[in-house]
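User: I am new to this structure and would like a close look at a single part of it. Please take one element, describe what surrounds it, and then place it in the chain to which it belongs.

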Amino acid sequence: MTTKELQKTANEVRKGIITAVHAAKSGHPGGSLSSADIFTYLFFAEMNVDPKDPKKADRDRFVLSKGHNAPGLYSVLAEKGYFPKKDLETLRHTGSYLQGHPDMKHIPGVDMSSGSLGQGLSAAVGMALAAKIDKKSYRTYCLCGDGEIQEGQIWEAAMFAGAKKLDNLCVIVDNNNLQIDGPIDEVNSPYPIDKKFEAFNFHVINIDGNNMDEIKKAFDEAKTVKGVPTAIIAKTVKGKGVSFMENKAGWHGKAPNDEEFATAMSDLEKVGKGL
Amino acid sequence: MSEIKKIATRESYGNALAKYGAEYPDLVVLDADLANATKTQTFKNAFPDRFFDCGIAESNMTGIAAGLATCGKIPFISSFAMFAAGRNFEQVRNSIGYPQLNVKIGATHAGITVGEDGATHQCLEDIALMRTIPGMTVIVPADDTEVFAAVKAAIDHKGPVYLRFSRAASPVFYEPDKLKFEIGKGITLREGSDITIIATGVEVNYSLEAADMLEKDGVKARVIDMHTIKPLDEELVIKAAKETGKIFTVEEATVIGGLGSAVAETVADKHPVPVHRIGVNDVFGESGPWAELMKKYKLDAEGIYEQIKAKL
């Protein structure tokens, strides 16, 4: 896919996020939107995955450690063809398989149930370790939140990954700088994030996480790194693509009403036309 | 009279892992800097490539096991019960229980038989905690023979299993050829018509001794080894309620939420008779040699006998 095609796909993913969260009348649009370009690149350009065979043994693995960004993951999975896009409108509804947080037992394409912050990276480390034990070449990707890395378990997992030289593991930190209670550096600063991962023996790449070319470059570089895991610190804009949601902590976990939904979709239509 | 062999169930656990490691190539073992105490060291010595020390980071160990299980491995994670079930409760619930992953938790140093380390390390709550997780199987083997059978059954069972082991050496009373072990099926070790004692883990042997003492007083006690607390053998419990009319439960754990509660819930629902729960009565443990503590908390044979006599 060309950069332009990826950008267009990411814009469709964003529309899916807004549609799902609006239909659910709850959920987490802010971080889902900030991660949309990374989700898109991973599933459309980076990972060896097949929506027709979601459990194929040699597939690359993905763990959404910041599980509340389920709308983002579900939207990209639907866009990729794992399940009908129409189903996004059942997000969080009673009886729907699209649970509020990723559920590996019922959702095709979800490799690990997640949502309780701090736990997903450990599972991703386990997957990377399994590949090493079995001498398989698949890679494991794990998306963490910048607020999430306040959890101590993240650093337990990072320490193990660095110590065991899991170079088949790539951690992406969605650094949108906002958590529920406000800017992360005001709540309990995890900065400098890059230096912390470096100290845990990671190869670290800093990028603009809403720039498709920089995303591509980072993932290409990560694949060449031997002997250490990689952490991509992706600087992003929370709520990216929807004018009134951008850089607003209030849109971390809130659904747009009908009027806001119309404005958001019209914003995204405009973005799409400009591409 | 030949001397009865004594061995701690934690030691049997390490031996069982090493034995079955040869039969099951997907079996991997993780520990959190306690391999010498949990006895997973025995597996490490036999299969160093399938043993991973996570260091003092139990939560991460639990998540790694979850990830390994998604890739077809059969991970056993080990630590003291306090950390495996206590510190880790939410990781076990969300990363293993909710996705029903095939992870086995081998928790050693459960209960007050931890001894000298005292209350901070004497986990009394683990049975209760683990029992509340949907789909979690909870097994407390009573002796060396039963540990081997339980570990094998846990490997063959698809889904999460919590196995509880003790630090203290306990007598081996099952003969390997005669033990028929099935998850969820209690074993009646002694017939009796007056009362039923339902015990688990190290308390099974003490309960057999207590039954001998009761016999001298003319009380015929049935003794059941309830090695699986969840799923509970309800049929066997109800049969005991109907036939003996009175049940005593014995566990080296808090009386709140564990074996006693499981039995009481079943009996209350299906055939109400008096159920007396013998265990640690809503207090923390303390330091001391384990045998002295078992005496002090009335959880050895004499203590169980006294507590039963008081309720007859």
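Analyst: In helix α10 of chain B, which spans residues 234-244, the residues L236(B), V237(B), I238(B), A240(B), A241(B) and T244(B) are buried, where buried means under 20% relative accessible area, exposed over 50% and partly exposed in between, with a 1.4 Å probe and protein chains only. Helices here are DSSP runs of H or I with at least four residues, strands are runs of E with at least two, and both are numbered from the N terminus. This is a predicted model, in which local features need pLDDT of at least 70 and side-chain atom pairs count only at pLDDT 80 or more, while totals for chains, interfaces and linings use all residues. Residues are numbered from 1 along each chain as its sequence is written, chains are lettered from A and ligands numbered from 1 in the order in which they are written, and side-chain values use heavy atoms, with hydrogens and water left out.

The cover over the buried residues of α10(B) includes the strands β9 (187-190), β10 (195-199), β11 (221-225) and β13 (247-254), together with helix α11 (259-270), of chain B. Just after α10(B), G245(B) takes a positive phi of about 75°.

I247(B) gives a second view of this region: leaving aside neighbours within four places in sequence, I247(B) is in contact with V237(B), A240(B) and A241(B), and its other partners include T196(B), I198(B), V263(B) and V267(B), contact meaning heavy atoms within 4.5 Å. I247(B) is also among the residues with the most contacts inside the largest nonpolar core, which has 136 residues; such a core is a set of buried Ala, Val, Leu, Ile, Met, Phe, Trp, Tyr and Cys residues joined through side-chain atoms within 4.5 Å. Apart from it lies another core, of 28 residues, among them I112(B), L124(B), F248(B) and Y305(B).

Turning to the whole chain, the secondary structure of chain B comes to 13 helices and 14 strands. Its radius of gyration is 18 Å, close to the 20 Å that the globule rule gives for 312 residues, so chain B is as compact as a globular protein of that length; the radius is taken over C-alpha atoms, and the rule is 2.2 Å times the number of residues to the power 0.38. Of the 312 residues of chain B, 63% count as buried, and among contacts between residues at least 6 apart in sequence, 78% join residues at least 24 apart.
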